[in-house]
Amino acid sequence: MKKKAVLGVVLALIVLKALFMLYMHFRTYTVGKDPKFSEITRVYCMSSMYSSEYGYCYDQYSIVNRSSRYYAETNLFDRDKGEQVETSVYITEDEYLATLKLIEGSKYARKDAPNKDRMDGYMDELNQSADMFFDHMPDGPYELRLSSDSRNAFIGRIKEFMVDTITVGFVNEVEPADVWILENTEANLKTSLWGKASLPKAKLENEYAVTVRKDSGNSYLLRIIDTDEIYYAADDITLKDGYSLLIYRSDGEFQEIILSVYDEAGEKVADYSVFNAAL
């Protein structure tokens with residue numbers, strides 16, 4: 001009798017474990033509840049197409065939290081260039097959370113079996129998909145399920161962030177380096193953690209185009225760390241859309257680092273002395 005009782009307990013535990021594993025396997029998550037907004041590190045919406053001229057191309061709209069630095073990002077197909085073009089701009093934590101609020105209540109659920117008539121079942125019947133990343137992601141094939149209204153609101157907000165930008169040119173004549181061009185805000189002035197570089201590994205003499213969030217006072221910060229771990233900084237730089245920057249060493253005895261700013265017509269508007277020191 002005792003053996004039967006023990007066997008019954010063991011069988012009950014096995015059944016409970018199997019039910020728990022089944023629950024975890026097919027569990028559905030709810031955005032804003034589990035995971036909480038503070039646990040979400042990235043959300044994106046993507047649509048794709050296949051063109052006989054360009055092959056596989058797509059448009060992707062994202063918000064990202066990288067070590068408490070927040071970004072709105074797009075990866076869009078540019079037909080004029082015939083290639084994907086990535087753009088990333090800084091946003092505030094409040095803007096990040098407000099954007100997540102647009103998809104609050106949406107479900108993150110296990111995907112159905114792949115449809116052999118679509119791209120590995122990854123995209124839906126409209127060639128669209130959405131996904132998210134958070135601290136305790138489940139194993140297996142999951143997807144973020146958005147209503148048309150939520151999807152359109154999310155993409156619309158990312159587009160608004162991108163409209164509120166300027167694009168400036170940049171040429172580096174000092175050393176190969178990571179370059180940050182930032183809004184002149186108190187938060188950016190007080191931190192030494194600037195997140196993703198505006199120009200990672202900027203090469204010498206190359207002409208780059210940098211898209212940055214528009215500052216209400218047209219005032220920006222330049223931060224650079226070169227391959228020799230030399231730090232460069234210039235503050236309160238006046239920039240407008242179409243301006244360009246050139247950083248170089250002067251011909252003087254001490255070879256100071258100078259930042260020259262040019263307007264959209266190529267006329268020099270200002271020179272800035274750039275602080276530099278070994279880290």
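The largest cavity in this structure, which is a predicted model, holds about 40 Å³ of space. A search for enclosed spaces of 30 Å³ or more gives a count of 1 cavity. Rolling a probe the size of a water molecule over the atoms shows where empty space is left. Around the largest cavity, the lining is made up of N172, V174, E175, A177, I224, D226, Y232 and I247. Sorted by class, this lining comprises 5 nonpolar residues, 2 charged residues and 1 polar residue.

A helix offers a good next stop. Helix α3 covers residues 148-163, 16 residues in total. From its first C-alpha to its last, α3 reaches 22 Å, close to the 22 Å expected at 1.5 Å a residue. Its buried residues are S150, R151, F154, I155, I158, F161 and M162. Seen down the axis of α3, these buried residues fall within an arc of 125 degrees, and they therefore line one face of the helix. An α-helix has 3.6 residues a turn, so residues three or four places apart point the same way. The other side of α3 carries the exposed residues S148, D149, N152 and V163.

Attention now turns to the aromatic rings, for which the count comes to 12 aromatic pairs. One of them joins Y29 and Y142: the ring centres are 6.1 Å apart and the planes stand at 70 degrees, so this pair is edge-to-face. Because Y29 belongs to strand β1 (residues 29-30) and Y142 to strand β8 (residues 142-145), the pair ties together parts that are 113 residues apart in sequence. Y29 has a relative accessibility of 3% and so counts as buried. Y142, at 5% relative accessibility, is likewise buried, since the cut-off for burial is under 20%.

Another edge-to-face pair is formed by Y54 and F77, with 4.7 Å from centre to centre and 65 degrees between the planes. This contact also links distant parts of the chain, 23 residues apart: Y54 sits in the loop between β2 (40-51) and β3 (55-66), while F77 lies in strand β4 (residues 69-78). In terms of exposure, Y54 has a relative accessible area of 27% and is therefore partly exposed, whereas F77, at 16% relative accessibility, counts as buried.

Returning to Y29 and Y142, both rings take part in one aromatic cluster, together with Y108 and F134.

Technical notes. Residues are numbered from 1 along each chain as its sequence is written. This is a predicted model: local features need pLDDT of at least 70, side-chain atom pairs count only at pLDDT 80 or more; totals for chains, interfaces and linings use all residues. Side-chain values use heavy atoms; hydrogens and water are left out. On a 1 Å grid over the protein atoms alone, a cavity is a set of points where a 1.4 Å probe fits but cannot get out, and a pocket is an open set with protein on both sides within 12 Å along at least five of seven lines; lining residues have an atom within 4 Å of a point. Grid points are joined across faces, edges and corners, and a volume is the space filled by probe spheres set on the points. Ala, Val, Leu, Ile, Met, Phe, Trp, Tyr, Cys and Pro count as nonpolar, Asp, Glu, Lys and Arg as charged, and the others, Gly among them, as polar. Helices (H or I, at least four residues) and strands (E, at least two) are DSSP runs, numbered from the N terminus. The expected span of a helix is 1.5 Å times one less than its number of residues. Buried means under 20% relative accessible area, exposed over 50%, partly exposed in between (1.4 Å probe, protein chains only). The arc is that of the directions from the helix axis to the C-beta atoms. Rings of Phe, Tyr and Trp (its six-membered ring) pair if their centres lie within 6.5 Å; planes under 30 degrees apart count as stacked, over 60 as edge-to-face and the rest as tilted.
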